[in-house]
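Hi,

Here is the structure I promised to pass on. Have a look at it first, and my notes follow underneath.

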Amino acid sequence: QVYCVNKKHGCKWTGKKGNGMNHLDNECSYFICSGKDNGCVWKGKKNNLSKHEIECGFIEINCPNNCSSIIMRKDFILHDKICKVALEEKKMKYQNQMKEMEEQRKTIQQ
């Protein structure tokens, strides 16, 4: 008899060693998200784990603005407001818009 590798997460399955992989692939509902240490409480089947982790807000990601920060996915909107790279891009966009408006004003006045 062997125990499920997810016993520490609550799975009570025991069985023959040869049946362990079938249990993990098809039956066990005690796979945990890699965002567990950041607060995620999701538990589920192996075939749902990847889908969950793609959407999970507790998964750490690299800042999409390439500022080198590592943030939790759920914190991206807050981070984007203080991200130096994002702020610089917004500043440049604003300056370009102001320049275009000034050029349009000069054209209209001629």
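To start with one you can check by eye: is Glu 55 buried or exposed? Glu 55 counts as exposed, at 54% relative accessibility. Before you read on, keep in mind that this is a predicted model.

**Salt bridges**

Glu 55 has a partner: Lys 51 forms a salt bridge with it, and the closest N and O atoms are 3.5 Å apart. Lys 51 is exposed as well, with a relative accessible area of 53%. The two residues sit four places apart in helix 2, so about one helical turn separates them. That fits the textbook picture: an α-helix has 3.6 residues a turn, so residues three or four places apart point the same way.

In total I count five salt bridges. Another of them joins Lys 46 to Asp 25, with the closest N and O atoms 2.9 Å apart. This pair links distant parts of the chain: Lys 46 belongs to helix 2 (residues 46-55) and Asp 25 to helix 1 (residues 20-27), with their positions 21 residues apart in sequence. Both ends are partly exposed, Lys 46 with a relative accessible area of 37% and Asp 25 with 36%.

One more is the bridge in which the side chains of Asp 75 and Lys 74 meet, at 3.3 Å from N to O. Asp 75 counts as partly exposed at 23% relative accessibility, and Lys 74 is partly exposed too, with a relative accessible area of 46%.

**The cysteines**

Now for something you may have spotted already. How many disulfides does the structure hold? The answer is zero. Cys 33 and Cys 56 are the pair to look at: the sulfur of Cys 33 has its closest cysteine sulfur in Cys 56, at 3.7 Å, which is too far for a bond. The cut-off here is 2.5 Å between the sulfur atoms, so the pair is not counted as a disulfide. Seen from the other end, Cys 56 likewise has Cys 33 as the closest cysteine sulfur. Both residues are out of the way of solvent by the numbers: Cys 33 counts as buried at 2% relative accessibility, and Cys 56 counts as buried at 4%.

**Helix 1 and what covers it**

Which residues of helix 1 are buried? They are Gly 20, His 23 and Leu 24. These residues cover an arc of only 95° around the axis, and therefore lie on the same side of helix 1. As for what covers the buried residues of helix 1, strand 3 (31-32) and helix 2 are included.

**A buried histidine in a loop**

His 9 lies in the loop between strand 1 (2-3) and strand 2 (14-15). Despite that loop position, His 9 is buried, with a relative accessible area of 16%. Which residues is His 9 in contact with, leaving aside its neighbours within four places in sequence? Those are Tyr 30, Ile 32 and Lys 43.

**A nonpolar patch**

Last item: Tyr 94, Met 98 and Met 101 make a nonpolar surface patch of about 330 Å². Met 101 is found in helix 4 (residues 84-109).

Happy to talk it through whenever suits you.

Cheers

Technical notes. Residues numbered from 1 in each chain as written. Predicted model: local features only at pLDDT ≥ 70, side-chain atom pairs only at ≥ 80, totals over all residues. Heavy atoms only, no water. Buried < 20%, exposed > 50% of the residue type's maximum accessible area, 1.4 Å probe, protein only. Contact = heavy atoms within 4.5 Å. Salt bridge = Lys/Arg side-chain N within 4 Å of Asp/Glu carboxyl O. Patch = residues over 30% accessible without salt bridge, like charges linked within 9 Å, V, L, I, M, F, W, Y side chains within 5 Å. Areas by Shrake-Rupley, 256 points an atom, 1.4 Å probe, with all protein chains shown as cover. Arc of directions from axis to C-beta.
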